[in-house]
Amino acid sequence: MEKNEKKAGRGLTAHMTCANISSSDISRHDISETDISRRDREGRMQMEENIRKKYCPMTETTFYTLLALLEPNHGYGIMKFVRELTGERVKMGTGTLYTMLGRLVTDEMIVEVGNGEDKRVYQITQEGRSLLYEEQKRLKKQWENGERILGEEG
Amino acid sequence: MKKLKFYFSLLKERDWLEEMARKGYLLKNITMGIWYEFEETTPCEKVYEIESFACDADADREELCAKERAFEIARETGWEIATHDEAMNYYFVKDRAGDDSDEFYEDETSRRKKAEAVRKRFAVDTPKLLLSMLLFLSVIYIPLLFMLGENMRASLGLHRFYFALVVLEILIVVLSIYSGEILYKDMSLSREEWEQKKKYGEKKSFRKAQELLAALEEKDRQGLKLVCFEDGSYQFTPTNKHYRYYLDTKRALVKRCKERGDKFSSDRKDISRIGMAWQEQSMKEAGALGLEPVALAEGTMIYRRKAEDSELRWNEDIVYTTFGADVKTTLISFGALFLIGFVGGFVAAIFLH
C-alpha cells in the first residue's frame, strides 16, 4: 500500500515540476520532493472531491448518459439508448445533451474516442465509472430509506 | 417575403416564426436582428429554437466545442439550421412532434444555465464593451474639444456629435440590460410553461383595491386561482376550488395598529425598504383569521381563504393598492414641483426686469 503511494507520488512529482512549478522556484524555497508530491496528491484529491460533489446527487439524464457510455456511443445513440431503456419516459433534448456531454468531457468523466464516420464518439472513463457506482450506491440507500418509511405507512 | 420586426423576447420571436410557418412562410435569413426574409411554402407546423454560439473571451473546452457538438446532435434529431444573425444567434427549425422532443432543453437546470450565459452577455459583457468604447472616445474627444477654439468647435459641431454619442451609448446600455433580464426570464420557461403564462397571465396594474378584488373574484368564477405576481403580470392556474380574496397594505396595517393603541415599529436598519417587517406582521394577523398569503402584488399583500368557510370581513376600507397610492403621491408631488418652478420662474423674471 505504502509502496504504491510512493510510486504514484514520484510519478506526480515529475509532472508537477514541468507543469506548475519552475525549477527556480524549487531551488529558492528548497521544497523537498515529498512535500511537493504530498501537496500535489492532496490538491488532486481535493479537485476530484469537488467534481464528485458537483455530480452528487446526479440528475437522471446524467446517470442514464453515463450508463449509455459504458459502451462507446455517439450523441444520437445515447438519446436512443435512454429512450428505449426508460420506455420513452426520458426524452433528452438536443440542448441538454450537448451541454451535458461538453461538461462531462471537461470534467473527464467521459472521453471522446475518435470521430467515427464524422460523428463524435464518447466513452466513460475510470473516474466516470467510479462516480456511477457511487451514485448507484447512493440511490440504493435512498430507495431503502424510502421503502422503510413508506412500507411502514402502506 | 420580407418583414421588419423587432423582439426583445426570444419566446415571442419564436411564437411569431411558428405562426409564420403556419401561414406558409419559412425563415430564410435575418439581418441585424430586425429584417426577416421568408420563403413561401405550403402551411406547416414547425418549432423554432434560438441558440447563441458567441465565443466568450474566456471560453473553456466545453464552450469552444459547444457549437460543433450541438450541430452534430441537432442534425441527427431532425433540427435544421435556418439561418444565423450578426450576434451569432442560430435559428434551429424542426417539424413539430407535439411532445417532449420539441423541447431543446427538456429540464429546467440546463435551461437556466443557458439563460444565465445569455443574461451575462447582455447585462454585463455588452455594457462593459460599450462603456469602454465610450471611455476610449472620451480620451480623444475631450482634449480635442478643449484645444479647439470656440468658433472652431461651433462650426464643426464636434461637441454635439460627442453629446449625441454619449446619449446613444447610454441608451443602448440600458436597452441591453433590460433585454438581458427579459431573455433570462423567458429562457428558463419550458414550452408548456410559456403557453400557460400566455393563456392564464394577466398583465395589468390596479390602482383601486376594489377593482383588484373584483378582478380576482371574476377569475375565481372562471375557475382560476392566483399563483403569483411577476413582472407586472398576474398569473393564474385552473382549479376546482373557490376562494375569497383579501388585501392588506402597510398603510392599513399602521392604521390597525393605531386603532389598537400600539405602534407599528419597522426595522430601523431597513433604510432601503427591502426587509419584510410589515409583511410579516400582516401575515401574522391574517393567519390568526385563517387567511393564507398568496403573493405580494403591486406592493399589496393578497390573501385568500376557501369560499365555503364562514364569512369574514377584513380591511374593506382599503381604497388604493400600494402602487395605486404611490402613483397618486408621485403625481401630486410632480404637480407641486411644477407649480413651484413655474411661480419661482415668474417671480425671478419680474425681479430681473
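Me: Leaving aside neighbours within four places in sequence, which residues is B:Thr322 in contact with?
Reply: In this predicted model, B:Thr322 belongs to helix 11 (residues 322–352) of chain B. With neighbours within four places in sequence set aside, its contacts are B:Thr249, B:Glu298, B:Gly299 and B:Thr300.

Me: Is B:Thr322 buried or exposed?
Reply: The relative accessible area of B:Thr322 is 17%. Buried means under 20%, so B:Thr322 counts as buried.

Me: Which strands stand at the edges of the open sheet of chain B in the order 4-6-5?
Reply: This sheet has 3 strands, and the pairing is antiparallel. An edge strand here has a single partner strand, so one side is left without a neighbour in the sheet. The strands at the edges are strand 4 (46–52) and strand 5 (80–84) of chain B.

Me: Which residue of strand 6 of chain B stands opposite B:Lys46?
Reply: Strand 4 of chain B pairs with strand 6 (residues 89–95) of chain B in the antiparallel sense, over 7 bridges. Opposite B:Lys46, in strand 6 of chain B, stands B:Asp95.

Me: At about how many degrees does helix 1 of chain B run to strand 4 of chain B?
Reply: Helix 1 (residues 10–22) of chain B lies across strand 4 and strand 6 of chain B. Its angle to strand 4 of chain B is about 145 degrees.

Me: Which element of chain B do the buried residues of helix 5 of chain A pack against?
Reply: In helix 5 (residues 75–85) of chain A, the buried residues include A:Ile78, A:Met79 and A:Val82. Within chain A, the buried residues of this helix pack against elements including helix 4 (60–68) and strand 3 (119–124). From chain B, the packing element is helix 3 (66–76).

Conventions: Residues are numbered from 1 along each chain as its sequence is written. Chains are lettered from A and ligands numbered from 1 in the order in which they are written. This is a predicted model: local features need pLDDT of at least 70, side-chain atom pairs count only at pLDDT 80 or more; totals for chains, interfaces and linings use all residues. Side-chain values use heavy atoms; hydrogens and water are left out. Buried means under 20% relative accessible area, exposed over 50%, partly exposed in between (1.4 Å probe, protein chains only). Helices (H or I, at least four residues) and strands (E, at least two) are DSSP runs, numbered from the N terminus. Contact means heavy atoms within 4.5 Å. Two strands pair if DSSP finds at least two bridges between them. Axes are lines fitted to C-alpha atoms, for helices over the stretch in contact, and angles run from 0 to 180 degrees between N-to-C directions.
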